[in-house]
Each structure stands twice: as structure tokens, then as C-alpha cells.
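This briefing presents selected features of one protein model. The topics are strand pairing, a pocket and its lining, and the confidence of the prediction.

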Amino acid sequence: MSAKNSPNGDKPCAICPQSPLNRNLNLLLNLFILFLLLLSTVLIHAADDSTPSFSSNKTSTFVIVHDPAAVDAFRPRADKVRAMVNCGITNLTGTKTIREAWRSIITTQDVIGIKIFSTPGPNSGTRPAVVAAVVEGLLAGGIPAKHIIVWDRYLSDLKLAGFSDLSKRYGIRLAGSAQPGYDPRVSYDTAFLGTPVWGDLEFGKSGEGIGRRSYVSKLLTREITKIINITPLLNHNGASVSGNLYGLAMGSVDNVGRFESDADRLATAVPEIYAMTNLSDHVVLNITDALICQYEGGEKGLLHYSATLNEIRFSRDPVALDVLSLDELQRQRKATEAPAVKANLDLYRNAALLELGLDDLKKIKIQRIELNP
């Protein structure tokens, strides 16, 4: 554009393509757009690195620690169990000391909820010796005793399973998730209607939609910041194993009767409840207490349907850990010629689809450690 065609008649227009000012503005605009593109790429990769994901190409790692002398006449030996837990957590985290291992997954500001399965009692449920070893490790890691809570659905089950002595010994707290009540702001909604029982948030209420929600315990929404799952290697008639997925999901919400009576409903509800942010996002470690494997009996302690394995298993992947337990239960049934049981594999496939972990044993990397062979 010539000067006579410019608005001012004596100099190029600032908004014309040939204008030096316009070229500078265009350059700055292009640089700004490039900066935004680079920034978005960095943020996307950062989010990918920080968010746990179990894609089809990923493998899950866990550690199995075995000590042939860990159990004597179905009674765990505390010193052996302590060494097994210390060995497992340091190898899983790739650290040299117990303090470093625990501090790599938790902080001193966290409130640690150790979720156990206590209904079958001290012999067939989560064993107090295993929990004691974990508590000692947390204390060694600098976690205040008042920040450690051992919990299950009912406080009465915890006491009957022998955890009162553990609470007194270490100054930690026992809690039932049903006791503080349930958070009306956080729930799992499904079309499966249930009849709320005493203690459920909607008990005694009537109206449209009553019974279709399961509310999360206030223990999880308002107190606990990190969860350590410790479950026994124990069969379950509906979920196939009373493992990490089933134990945490069904122990954290109310109105669960509508799922417990139907294996198909469990296969849908358990993974979806576990996937809720107040649960899965807070889980930092899963442990299978495989000192003893009970392959029949469900929530009843039946040691005559049990085999001593002398193992404790550690992983960040709850699905892989549970699938390995399913495989072990089938092996023990076959070895004792017990009736075969069809596993509820849909539950674990659904959990894998939700990217909670891997259900393919071929993609599970096992580090097996022998103590005192």
C-alpha cells in the first residue's frame, strides 16, 4: 500500500500486512501460540506421568515373600512375619531402609487407614501379626501413632478378631466404618434398588429413589487420607476371593445387601465403588496375607479347609493381586480334590476395564523372595 492509500496519507497503515508494527504483532502472536502449544504438551505428559494407569501394554509388579517357618500350627510367628513385611515393602519400593520404604508412599501428615477383613476372626481373616508388622513399619517411618487407624466395617468384628491388644500396644486407633455414619454428599448410584437397614443413611426413609444409593463412610471422606489394604487369602462365594477389591468396596459404603446376594451385581458394583476417588485414589499399597489359604468357608473360619503357604504378597495393583489369589484358590481345591468352583472373573475383567489394575497373569511380574530357605 502506498502512502497516498494509507489512512494518514503520509505513512503506512499500522494494520496493513506490510506494516512493520503489524509484522511484529504477528510474530509475537505466533510465538505466543507456539508457547501455548508447548505448555499444553508438557501439562499433558505431566498428567500422564502422575496418574496411575494400567494400559494393555503395561505390566504389574509385585513381591512375594516366603518363609517356611512363618507359621507354626496355624499360628503366625511375629518375628518371622515382621521380617517378611520389612523385606516385602523395601523390595517393592526399591529402597534400602524401612523408614525410606514407608516414607516413599506416605507422609507424616497423612492419616493412614489400614483396611483389614476381620469378620472370619484371627485365624482365617487378616491376621493381627501381619497388621502389627505394618504398624511397626509405619511408626519406624515417623508416622505418629494417632495417625494410624485399623478399620473394617464393624468395630465389634475388630475386637473379636483380637485387634484390641494391638491397639493398646501401639497406641493406635480401631474404627468401624459404619460407626461415624455415611456422607450424604458422596455416594454410588445404581439402578439396583436395595432396602436400607439400620445404620444405613436412608434407613427409615421413603420416596422415589430411596435404596438406589450407597453412601461412603465419613471415616473415608473426612478422616483417612491414605489406605493400606491387607486382606486374607480367603474364598468368597460371590466375589470368589475376599480380596483387595471386594474388601475395600463393600467395607466402605452402606446399602450393600443389594449386591451381596448376586454375583453379577457384585461384578459390576465392586469395581465401580472401588474406582470412586475417595477409595482408589487413596490406596497406596495392597497386601495379601497368604500365610494361610482358606479355600472353602467364606466368612467363617474353617481351618480344616486351609493350607499353610507361609507367604505375604505386596503390590500396588489390587486386581493382579486378587487374580493371583483366585489362581491359588483353584490350585488348592484341585490339590485336595475339593469341588471345583467357577470364579467370578467378570468382576476382575470389569476392574481391568476401569484401569484399576491388570487381570492377565501373563502381564504380572513376580519377584519371589525366599527367607530362611
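Aspartate 289 stands opposite isoleucine 312, a residue of strand β12. The model that shows this arrangement is predicted. The chain has an average pLDDT of 87, and 84% of the residues reach a score of at least 70.

**Strand β12 and its partners**

- Strand β12 covers residues 306-315, and nine of its 10 residues are buried, so the strand is mostly covered.
- With strand β11 (residues 283-294), β12 forms an antiparallel pairing over eight bridges.
- Strand β1 (residues 60-66) also pairs with β12 in the antiparallel sense, here over five bridges.
- In the β12 strand, serine 315 is the bridge partner of phenylalanine 62.

**Strands β4 and β5**

- Strand β4 consists of residues 112-115, with Ile112 and Ile114 pointing one way and Gly113 and Lys115 pointing the other way.
- These residues of β4 are all buried, Lys115 included.
- The pairing between β4 and strand β5 (residues 148-152) is parallel and extends over four bridges.
- Isoleucine 114 has valine 150 of β5 as its bridge partner.

**The second largest pocket**

- The second largest pocket encloses about 470 Å³ of space.
- Its lining comprises 24 residues, of which Arg153, Tyr154, Tyr182, Met250 and Val256 are the closest to the centre of the pocket.
- By class, nine of the lining residues are nonpolar, eight are polar and seven are charged.
- Helices α8 (244-252) and α9 (257-260) each contribute at least two residues to this lining.
- The largest share, four residues, is supplied by α8.

**Regions of low confidence**

- Residues 1-18 have a pLDDT under 50, and the model gives this stretch 20 contacts beyond four places in sequence.
- Residues 37-57 likewise have a pLDDT below 50, with 10 contacts in the model beyond near neighbours in sequence.
- Where pLDDT is low, predicted coordinates should not be read in detail.

Note on methods:
Residues are numbered from 1 along each chain as its sequence is written. This is a predicted model: local features need pLDDT of at least 70, side-chain atom pairs count only at pLDDT 80 or more; totals for chains, interfaces and linings use all residues. Side-chain values use heavy atoms; hydrogens and water are left out. On a 1 Å grid over the protein atoms alone, a cavity is a set of points where a 1.4 Å probe fits but cannot get out, and a pocket is an open set with protein on both sides within 12 Å along at least five of seven lines; lining residues have an atom within 4 Å of a point. Grid points are joined across faces, edges and corners, and a volume is the space filled by probe spheres set on the points. Ala, Val, Leu, Ile, Met, Phe, Trp, Tyr, Cys and Pro count as nonpolar, Asp, Glu, Lys and Arg as charged, and the others, Gly among them, as polar. pLDDT is the predictor's confidence in each residue, from 0 to 100. Contact means heavy atoms within 4.5 Å. Buried means under 20% relative accessible area, exposed over 50%, partly exposed in between (1.4 Å probe, protein chains only). Two strands pair if DSSP finds at least two bridges between them.
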